[in-house]
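Me: I'm new to this model and would like a close look at one part of it, with the surroundings filled in afterwards. Could you start with the residue I name below and work outward?

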Amino acid sequence: MDYKDILITKATELFSKKGFHQTSVQKLATTTGISKGAFYKYYDSKESLLVEILRQNHLEIVKQASIESLEGAQGEDLLTKQIMNELNQWMKKRDFYNVLFRDFPPQENEQIKEVMNHFRESMMQSHKDVLIQSFGNSVRPYLLDIVTILEGILKEYVFTIIFDQHQVNIPRLAQLISNSIASMVSSINQVEPVLGKGDLSLKDELNLKLETIRRQTSQTRLTLDEEKIHSSLDLIEKEIFSDKPQFFMIEAFIHYLKQEESLLGDIQILERIIESYMREA
């Protein structure tokens, strides 16, 4: 029996129902079936437990919003399905996020702020990917503008779902947002981009994502050996930028890294950037 997983499940329920400050360590331990002393073998504080729950929730949202989760969808349906998956995850966890944002405004807690920033970066890359997959490379000059508009719309609806507790028809909302973005894309070439090209070079994106994953390994509870993860990333980087990259080797290292659940969202994004880079190389 993995008490750490049970503790995360029970803590999510208690924080959502009673609030963070109203839930004691003793209550968490008793509900989980462990002693108060045993709690501190797993987490050094309630705050560190909260951060771990937040990380896991964000990982699930990123996973559900990834291209891999949209199998079977094509064109604009890709965007609709991704938005629907993303909103369903927010709806599922809205009681927890209501407590989180009420008791711990991200700007007032450095750990939570760091997790939220990493989540935002992952979701922005995921949204870029699905927009290119849905509408093609013609959107690249406007990518940052379109992502900014999409994420602005999503943010307002998510806040309505979380704080106002509205019961929302998620498929209908996802279709509405997707149709709005598609309509904008169809006529966007009539104006100049506002936020610039909105897209780093693929080489820059690769280097940035590799560095992000390396940094993330020091901030995450890993199941794989950290040194082996770093070695795999180094070898991927070396192989990609070699004169004659061996694709099977890159695929093998990616497959290995995907075994690390806590990094899965980032590794999937890295894989898509590599595929794009190899196509253009």
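Is tyrosine 277 buried or exposed, and what is its relative accessible area?

Reply: Tyrosine 277 is buried, with a relative accessible area of 18%. Buried means under 20%, exposed means over 50%, and partly exposed is in between, using a 1.4 Å probe and protein chains only. This is a predicted model, in which local features need pLDDT of at least 70 and side-chain atom pairs count only at pLDDT 80 or more, while totals for chains, interfaces and linings use all residues. Residues are numbered from 1 along each chain as its sequence is written, and side-chain values use heavy atoms, leaving out hydrogens and water.

Let's come to the ring of tyrosine 277 by way of the aromatic pairs, of which the structure holds 11. One of them joins phenylalanine 96 and tyrosine 97 edge-to-face, 5.4 Å centre to centre with 75° between the planes. The pair involving tyrosine 277 has phenylalanine 241 as its partner: the ring centres are 5.7 Å apart and the planes stand at 85°, so this pair is edge-to-face as well. Phenylalanine 241 belongs to the loop between helix H11 (226–240) and helix H12 (247–257), while tyrosine 277 lies in helix H13 (residues 264–280), so the pair ties together parts that are 36 residues apart in sequence. Rings of Phe, Tyr and Trp (its six-membered ring) pair if their centres lie within 6.5 Å; planes under 30 degrees apart are stacked, over 60 edge-to-face and the rest tilted. The helices here are DSSP runs of H or I with at least four residues, numbered from the N terminus.

The two partners differ in cover: phenylalanine 241 is partly exposed, with a relative accessible area of 27%, whereas tyrosine 277 is buried at 18%. Phenylalanine 241 also has lysine 203 over its face, at 5.3 Å from the ring centre. Another example is the charged end of lysine 46, 4.3 Å from the centre of the ring of phenylalanine 20. A charge sits over a ring if NZ of Lys or CZ of Arg is within 6 Å of the ring centre and within 35 degrees of the ring normal.

Another neighbour of tyrosine 277 is leucine 202, found in helix H10 (residues 202–217). Leucine 202 is buried, with a relative accessible area of 11%. Not counting residues up to four places away in sequence, leucine 202 touches Ile273, Ser276, Tyr277 and Glu280, where contact means heavy atoms within 4.5 Å. The C-alpha atoms of leucine 202 and isoleucine 273 are separated by 6.8 Å, although these residues are 71 apart along the chain.

How much trust does this region carry? Confidence in the chain is lowest in H13, at a mean of 82, and highest in helix H9 (residues 170–187), at 95. The chain as a whole has a mean pLDDT of 86, with 95% of its residues at 70 or more; pLDDT is the predictor's confidence in each residue, from 0 to 100.

Now for the wider setting. The largest nonpolar core has 63 residues, and Leu49, Leu87, Tyr97, Leu131, Ile146 and Ile181 touch the most other members. Helix H7 supplies the largest share of this core, 10 residues. A second, separate core of 21 residues includes Ile213, Leu257, Ile267 and Ile269. Such a core is a set of buried Ala, Val, Leu, Ile, Met, Phe, Trp, Tyr and Cys residues joined through side-chain atoms within 4.5 Å.

Tyr97 also belongs to an aromatic cluster with Trp90, Phe96, Phe101, Phe119, Phe159 and Phe163. Tyrosine 97 is buried, with a relative accessible area of 0%, and phenylalanine 96 counts as buried too, at 2%.

Helix H7 (residues 110–135) has 26 residues and should span 38 Å at 1.5 Å a residue, which agrees with the 37 Å between its end C-alpha atoms; the expected span is 1.5 Å times one less than the number of residues. After H7 comes glycine 136, with a positive phi near 90°. Histidine 118, found in H7, is buried at 17%. Beyond neighbours within four places in sequence, histidine 118 is in contact with Thr212, Gln216 and Asp266.

Note on methods
Helix = DSSP H or I, 4+ residues; strand = E, 2+ residues; numbered from the N terminus.
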